[in-house]
Amino acid sequence: QRDKIASQNKDIRDSIQYANTIQSAALPPEELFRELLPDHFILFKPRDIVSGDFYWITRIKGKVVLVAADCTGHGVSGALMHMMGIVFLNEIVKKKEIKEPAEIMGQLRNYVMSSLHQTGKFGEAQDGMDLTLCIIDFDTYKLKFVGANNPLYIINNSEFKEIKGDRMPVGININYDKPFTTHEVELQKGDSLYMFTDGYADQFGGVKGKKFRYKYFKE
């Protein structure tokens, strides 16, 4: 029985490892980040080999579009949503060339709801994404931000600014017919922008095994 379980675990793990290879290939390559956003860093450490979190970047009409997203679920279930999110963003931004952040988010929500057949009925899938989306114009130093349950942090020297997103996900929810809010920001030289999921703040650890929490994440 031990050997049989070990063999089954190996088969499952090998399959998930290969899924991770496919998922990694779907993420934007580091070369693209270096080209579009030379001064950056990415911390991406999937908990269960494959990840429900993803990041995305592209350039449209001279502006850089950035996304950090957290899909429903962990591991394989989250990874399926992750792949859908990347496919939908490629369709909306690259093919349709939609460049207004609130409209991109609205279209993404429609794609998710349509693909998962979400109508608001009891018992249907409630899957979706929490997401931050930024569009940066490096010629004018202007930034447009939209958040679905997630904020954006801006730090300049010791000054900390938090711009909160809308309190609704990308997917079915009580406010699914409401538009997302676009926040416009005048960037300053030396600004650092932080886009993230809840993965860092929700880490368990320490003597008492408690969550790290956003208070300490901000500090």
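In helix 1 (residues 2-26), Asp14 and Lys10 sit 4 residues apart, which means that about one helical turn separates them. In this predicted model, the two form a salt bridge, with their closest N and O atoms 2.8 Å apart. Asp14 is partly exposed, with a relative accessible area of 39%, while Lys10 counts as exposed at 52%. Side chains of opposite charge can pair when their charged atoms come close.

This pair belongs to a wider set: a search of the whole structure finds 12 salt bridges. If you move on along the chain, you will meet Glu30, Glu31 and Arg34, which are linked in a network of salt bridges.

Strand 4 is a good place to go next. Glu100 forms a salt bridge with Lys144, the closest N and O atoms being 3.2 Å apart. Glu100 lies in the loop between helix 3 (75-95) and helix 4 (101-115), and Lys144 lies in strand 4, so this pair ties together parts that are 44 residues apart in sequence. Both partners are partly exposed, Glu100 with a relative accessible area of 34% and Lys144 with 21%.

Lys142 takes part in another such contact, meeting the side chain of Glu186 in a salt bridge at 4.0 Å, N to O. Here, too, distant parts of the chain are linked: Glu186 belongs to strand 8 (residues 183-186) and Lys142 to strand 4, 44 residues apart. Glu186 is partly exposed at 48% relative accessible area, and Lys142 is partly exposed at 42%.

Stay with strand 4 (residues 142-148) a moment longer and look at Val146, which is found there. Val146 has 0% relative accessibility and therefore counts as buried. From Val146 to Asp202 the distance is 22 Å in space, C-alpha to C-alpha, and 56 residues in sequence.

Now turn to the second largest pocket, which holds about 210 Å³ of space. Its lining includes Asn149, Asn150, Pro151 and Tyr153, along with Glu162, Lys164, Asp166, Arg167 and Lys218. By class, 5 of the lining residues are charged, 3 are polar and 3 are nonpolar.

Finally, let us visit the surface. Phe41, Leu43, Tyr194, Tyr200, Phe212 and Tyr216 make a nonpolar surface patch of about 640 Å². One of these residues, Phe41, lies in the loop between helix 2 (30-36) and strand 1 (53-60). Is Phe41 buried or exposed? Phe41 is exposed, because its relative accessible area is 61% and exposed means over 50%.

Terms used: Residues numbered from 1 in each chain as written. Predicted model: local features only at pLDDT ≥ 70, side-chain atom pairs only at ≥ 80, totals over all residues. Heavy atoms only, no water. Patch = residues over 30% accessible without salt bridge, like charges linked within 9 Å, V, L, I, M, F, W, Y side chains within 5 Å. Areas by Shrake-Rupley, 256 points an atom, 1.4 Å probe, with all protein chains shown as cover. Helix = DSSP H or I, 4+ residues; strand = E, 2+ residues; numbered from the N terminus. Buried < 20%, exposed > 50% of the residue type's maximum accessible area, 1.4 Å probe, protein only. 1 Å grid on protein atoms, 1.4 Å probe; cavity = no way out; pocket = protein on both sides within 12 Å on 5 of 7 lines; lining within 4 Å. Points joined across faces, edges and corners; volume = space filled by probe spheres on them. Nonpolar A, V, L, I, M, F, W, Y, C, P; charged D, E, K, R; others polar.
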